[in-house]
Amino acid sequence: MEENLIIDISESNKGKEQIIINKKYKFNFSYKRKDNSKVYKCTEYKKINKCKSFIILNDKKEILKYNSSHNHPENEYDVSLSIMKHKIKDGIEKSSIPFGIKIKPLYNKISKEMGLLCPEYNSIKSQISRNLNKKLPSNVTTFAEIPSESEYYKTKRGENFMIFKNSNLIIFQSPFQAKLFREYNDDIFVDGTFFIAPKFSYQVFITRTYAKELDSFYTTSFAILKNKKQETYKMLFEKLKKNANTCNNNIRIEPKNLYCDFERAISKAAKTIFPNTNIKYCIWHYKKSLEIKKNKLCYNEVKNNNNIFIYYKAISNLSFINSEYIFDIYVIIKIKSIKNNYCQFLKFLEYFYKTYLIDYDMNIWNYYNNIEHITNNASESLNNYLNNLFPTKPSFYELIDKLNELEHLSYYDYQRKIRGIWKIKKRAINKTNEISVLIERFKSIEAKLIDAKCDRNIIINLWFDCLTNLNNII
């Protein structure tokens with residue numbers, strides 16, 4: 001028998017055990033003998049060469065006999081291909097949750113360890129994908145198929161991640177996220193995204209908070225919703241509130257401000273569960289809806305007439321001035337538009353009046369007393385990030401795995417920052433800062449005019465001037 005034989009364990013494409021000798025020859029399992037030793041025949045024995053070489057191993061994989069009478073050349077490349085496939089498959093098999101497996105880095109690591117001719121990554125990519133797909137759990141296609149228990153419902157720290165499930169809703173909130181919701185509830189940001197929602201659902205709904213002393217936004221829950229009904233949102237907020245209260249010895253938790261888009265079902269549901277919370281609609285959505293209506297009703301008038309353009313900009317910036325004078329300024333703009341026969345723009349003004357002065361509570365979209373967070377970008381930026389992670393709609397388990405990963409990264413970012421292991425970056429002056437400075441200046445002037453008992457029209461004109469100044473910023 002040859003000395004210094006090196007044995008590697010692999011498997012055939014059909015999943016049967018395969019022995020590799022000296023990284024040159026492959027032997028497939030043939031049969032088991034009465035003494036429990038195993039006989040392996042050269043992979044060429046059924047091919048044109050009809051190689052008669054074989055090897056016999058005991059149950060400890062020790063060589064009992066080796067017939068090395070190969071009648072064909074060595075094939076190191078083919079052997080390396082088999083070893084690489086087996087090692088990667090073994091890595092996949094050992095992972096309880098395969099979504100986190102990075103195949104290319106795993107390939108690079110194994111190719112270094114093998115120390116022999118390695119197959120190119122593209123030559124084994126399809127085989128690896130098949131192995132990975134076999135390991136993945138069965139896809140969920142309806143809400144009814146969502147399990148009540150799963151290994152995916154645990155955080156990477158072994159804590160419970162899923163807190164509630166019914167026929168319309170499933171909520172994920174780790175103890176860490178519940179703590180954030182409980183301790184940083186001055187400003188809560190909520191928003192839904194449709195692009196990453198599994199096919200059987202309507203949207204993924206995310207809540208976030210702002211930790212002021214850390215100057216950081218953190219996600220406080222993820223949820224998959226079947227619809228966008230008020231009752232579904234109500235159940236979501238109710239469960240988040242209950243979970244936060246449970247973790248806080250039943251001390252009542254209620255956000256000071258809740259920021260969302262102009263979806264009434266969200267704001268009404270939030271008001272039902274958090275009656276003392278201030279609902280704040282996103283200014284970006286306010287401006288966007290006005291722009292869409294302007295383009296539809298009076299695009300050419302606004303584009304070609306500078307006076308109308310100034311009036312339109314004034315309307316779009318009313319969110320920042322003292323709401324007590326908004327209606328007065330609207331009336332001034334309308335009177336001037338009637339006088340100058342701005343027919344199409346008057347239709348736009350009618351839309352604004354009915355929608356934002358009648359249908360909506362003005363204080364919900366007005367930020368005169370709170371300019372720190374004027375948009376819902378805290379949630380929408382995360383949604384955009386998630387959307388970019390998935391070129392197509394993810395499966396249920398693929399999505400949960402990624403949300404779990406984001407929760408884990410957020411946890412360590414928070415731990416690092418509360419220990420002071422971070423550098424405070426000097427904030428660049430942005431538009432929000434410029435707006436705040438301008439509004440504070442006009443507030444001061446307003447206060448002096450009120451103390452001097454000036455006529456109301458003077459204060460109205462003051463805020464109209466403020467709107468003109470805002471045009472230069474926004």
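In this predicted model, six strands make up an open sheet whose order is S1-S2-S3-S4-S5-S6, and the pairing within this sheet is antiparallel. Strand S1 (7–11) and strand S6 (63–67) occupy the edges; each has a single partner strand, so one side of each is left without a neighbour in the sheet. Neighbouring strands of this sheet are turned against each other by 30° on average, direction ignored. In general, strands of a sheet pair through backbone hydrogen bonds, in either a parallel or an antiparallel sense.

Within the six-stranded sheet, strand S3 (residues 25–32) pairs with strand S4 (residues 38–42) in the antiparallel sense, over five bridges. One residue pair illustrates the register: Asn28 has Lys41 in S4 as its bridge partner. The loop between S3 and S4 contains Asn36, a residue other than glycine whose phi is nevertheless positive, near 75°. Asn36 has a relative accessible area of 44% and is partly exposed, because this value falls between the limits of 20% for buried and 50% for exposed.

A second residue with this backbone feature is found in the loop between strand S5 (54–57) and S6, where Lys61 lies. Lys61 is not a glycine, yet its phi is positive, at about 60°. With a relative accessibility of 30%, Lys61 also counts as partly exposed.

The model contains a further open sheet, this one of seven strands, in the order S7-S8-S11-S10-S9-S12-S13 and with mixed pairing. Its edge strands are strand S7 (162–165) and strand S13 (278–281), each of which pairs on one side only. Here the average turn between neighbouring strands is 20°, direction ignored.

Strand S10 (residues 203–211) and strand S11 (residues 216–225) pair in the antiparallel sense over nine bridges. Within this pairing, Arg208 has Thr219 in S11 as its bridge partner. Two helices that pack on the seven-stranded sheet are set out below.

| Helix | Strands touched | Direction angle |
|---|---|---|
| H6 (residues 264–273) | strand S9 (187–193), S10, strand S12 (257–260) and S13 | about 165° with S13 |
| H14 (residues 396–418) | strand S8 (169–172), S10 and S11 | about 160° with S11 |

Strand S10 is thus touched by H6 and also by H14.

Helix H5 (residues 230–246) can be checked against its expected length. Its 17 residues, at 1.5 Å a residue, should span 24 Å, and the end C-alpha atoms are 24 Å apart, which agrees. Several residues of H5 are buried, including Thr232, Tyr233, Leu236, Phe237 and Leu240. Lysine and asparagine residues are also buried in this helix, among them Lys239, Lys241, Asn243 and Asn245.

The last arrangement concerns a pair of helices. The axes of helix H9 (residues 306–316) and helix H10 (residues 326–339) come within 11 Å and cross at roughly 160°. Angles over 145 degrees count as roughly antiparallel, and H9 and H10 are therefore roughly antiparallel to each other. The crossing of these two helices, H9 and H10, is left-handed. At their contact, Tyr311, Ala314 and Ile315 in H9 meet Ile333, Lys336 and Ser337 in H10.

Conventions. Residues are numbered from 1 along each chain as its sequence is written. This is a predicted model: local features need pLDDT of at least 70, side-chain atom pairs count only at pLDDT 80 or more; totals for chains, interfaces and linings use all residues. Side-chain values use heavy atoms; hydrogens and water are left out. Two strands pair if DSSP finds at least two bridges between them. Helices (H or I, at least four residues) and strands (E, at least two) are DSSP runs, numbered from the N terminus. Axes are lines fitted to C-alpha atoms, for helices over the stretch in contact, and angles run from 0 to 180 degrees between N-to-C directions. Buried means under 20% relative accessible area, exposed over 50%, partly exposed in between (1.4 Å probe, protein chains only). The expected span of a helix is 1.5 Å times one less than its number of residues. Contact means heavy atoms within 4.5 Å. Angles under 35 degrees count as roughly parallel, over 145 as roughly antiparallel, 65 to 115 as roughly perpendicular and the rest as oblique. A crossing is left-handed if the near helix is turned anticlockwise from the far one by less than a right angle, and right-handed if clockwise.
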